[in-house]
Amino acid sequence: MATPGTQCMMQAGLTAGMSATQGMHSPRSNPVDTHLSDPVSMLPPDLKPDSKSRIALRCVDGKDVLVPYLSIGAWSWGDKASFNYNPARDLPHIHAAWAKLKSVGLTFVDTAQSYGDGESERICGTLFRDMPRDSFVVQTKWLSTPDMANTIMQAGGPKSKLEDSLLRLQLDYVDIYLVHGPIHPLKISTVAKGMADCVKSGMARAVGVANHDTKEMIKMADELAKHGVPLSVCQCEYSIVRRLPEVSGVIRECKKRSICFQGFASLAQGRLSGKYSRFNEPQRKRRFSSHPMHVLEPTINVLKTIAEERRVPVPAVALNYSIIKGVLPLVGVRDARQAEQDMQALGWRLTEDEMKQIEGVSLQGSVSSLMQHG
């Protein structure tokens, strides 16, 4: 079973500074150094990904994991500490959202052992029930905290916890298994062996890391290679108001090594959705990219103008930006309306001029010494 209280532990950690924002932001903005940023488009100029388009993630057997250009983040599914989850209220909306996503083939879900003390994985298991195994992709994360199991079992920790995840998911294997963060007490070489064992046992098809910086990612890739397993994914917080993985070179290194870069909190936990304002701030628990809304007004205004001209929702513009920058965005979906909005990020692309307008009001963001290194 999942360690009881992990959802509360995560929220406490975010409050204490585990997130890149350390739970708060200076009212002063942090503009991007244009000399360090990537070109406005990292996507081939003739490519307009739609819901049927796929990215290939490398596997040891040569049978790549094929994923859509948009992933559904399931942190809010079952998590009471950060998202006030109420099953009677929220579960029907989750099922309605899944039905809409499933109808267009956007069935790539990102979850974790720590989300809702494992409840997110259980909910995912109910959604996958009666679906052909090749019709969805599930990605979960090893809870790498220095708890008793990980400390005693060493390289056996990732596999042991994945066994519990598979029971909750009601599956024989996951498509992708990530190290949730660089906060484990083990050497990277030990973690790499544990993750490689998950692949060799058939419990995971591909592996990756989350919240690692460039050096940590490269070290993990090198250690996995000793076991004949590629590093397939690197996941960090990335959005218009946190472009740090871009200016620090993480995304460029991923592209060089054929590693899929995923960006979570793509809408800055709702701040880029058009829903909030200086008079309607998000809950204080939403700590990723938690700039005060008055700081983000120039950014929101540009997104709204483009959205109106394009006749698409504001979230679709923000997500389309990430896709064009060569990022696979993860976005939380809690109901069918949000699913409908996010789906509209696909099938078109912002112009170079629109990208430059957005970049003119973007922010760099920061790291933390605990969890968010990348």
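## Salt bridges between and within elements

A residue is called partly exposed when its relative accessible area lies between the buried range, under 20%, and the exposed range, over 50%. In this predicted model, Arg-205 has a relative accessible area of 26% and is therefore partly exposed. Arg-205 forms a salt bridge with Asp-175, in which the closest N and O atoms are 3.8 Å apart. This pair links distant parts of the chain, since Arg-205 belongs to strand 7 (residues 204-210) and Asp-175 to strand 6 (residues 174-179), with the two positions 30 residues apart. Asp-175, by contrast with its partner, is buried, its relative accessible area being 3%.

A search of the whole structure finds 22 salt bridges, and another of them joins Glu-119 to Arg-122, with 3.2 Å between the closest N and O atoms. Both residues sit in helix 4 (residues 119-128), and because they are three residues apart there, about one helical turn separates them. Glu-119 is partly exposed at a relative accessible area of 28%, and Arg-122 is likewise partly exposed, at 32%. The side chains of Arg-257 and Glu-253 also meet in a salt bridge, at 2.6 Å from N to O; here Arg-257 is partly exposed with 29% relative accessibility, while Glu-253 counts as buried at 14%.

## Lys-325 and its network

Lys-325 is found in the loop that runs between helix 12 (314-324) and strand 10 (328-332). Is this lysine buried or exposed? With a relative accessible area of 1%, Lys-325 is buried. Salt bridges link Lys-325 in a network with Arg-243, Glu-246 and Glu-359.

Leaving aside residues up to four places away in sequence, Lys-325 touches Asp-38, Pro-39, Val-40, Met-42, Tyr-238, Arg-243, Glu-246, Ile-251, Met-355 and Glu-359. The contact list of Lys-325 thus includes Arg-243, Glu-246 and Glu-359, the residues that are linked with Lys-325 in the salt-bridge network. For Asp-38, a further detail is available, in that its backbone oxygen lies 3.3 Å from a polar atom of the Lys-325 side chain.

## The surroundings of Trp-142

Trp-142 lies in strand 5 (residues 137-142) and counts as buried, its relative accessibility being 0%. Which residues does Trp-142 touch, when those up to four places away in sequence are not counted? They are Gln-113, Asn-150, Gly-157, Pro-158, Lys-161, Tyr-177, Leu-178, Val-179, His-180, His-184, Leu-186 and Val-191. As for Arg-310, which is 168 residues from Trp-142 along the chain, the C-alpha atoms of the two residues are separated by 40 Å.

## Cysteines and disulfides

The count of disulfides comes to zero, where a disulfide would require a pair of cysteine sulfur atoms within 2.5 Å. Why does Cys-59 form no such bond? The closest cysteine sulfur to that of Cys-59 belongs to Cys-260 and is 12 Å away, which is too far for a bond. Cys-59 is buried, with a relative accessible area of 10%.

Cys-198 is a similar case to consider, because its sulfur is 14 Å from the closest cysteine sulfur, that of Cys-59, and this too is too far for a bond. Cys-198 counts as buried, with 0% relative accessibility.

Methods
Residues numbered from 1 in each chain as written. Predicted model: local features only at pLDDT ≥ 70, side-chain atom pairs only at ≥ 80, totals over all residues. Heavy atoms only, no water. Helix = DSSP H or I, 4+ residues; strand = E, 2+ residues; numbered from the N terminus. Buried < 20%, exposed > 50% of the residue type's maximum accessible area, 1.4 Å probe, protein only. Polar contact = N/O pair within 3.5 Å; in protein donor to acceptor, adjacent residues only side chain to side chain. Contact = heavy atoms within 4.5 Å. Salt bridge = Lys/Arg side-chain N within 4 Å of Asp/Glu carboxyl O.
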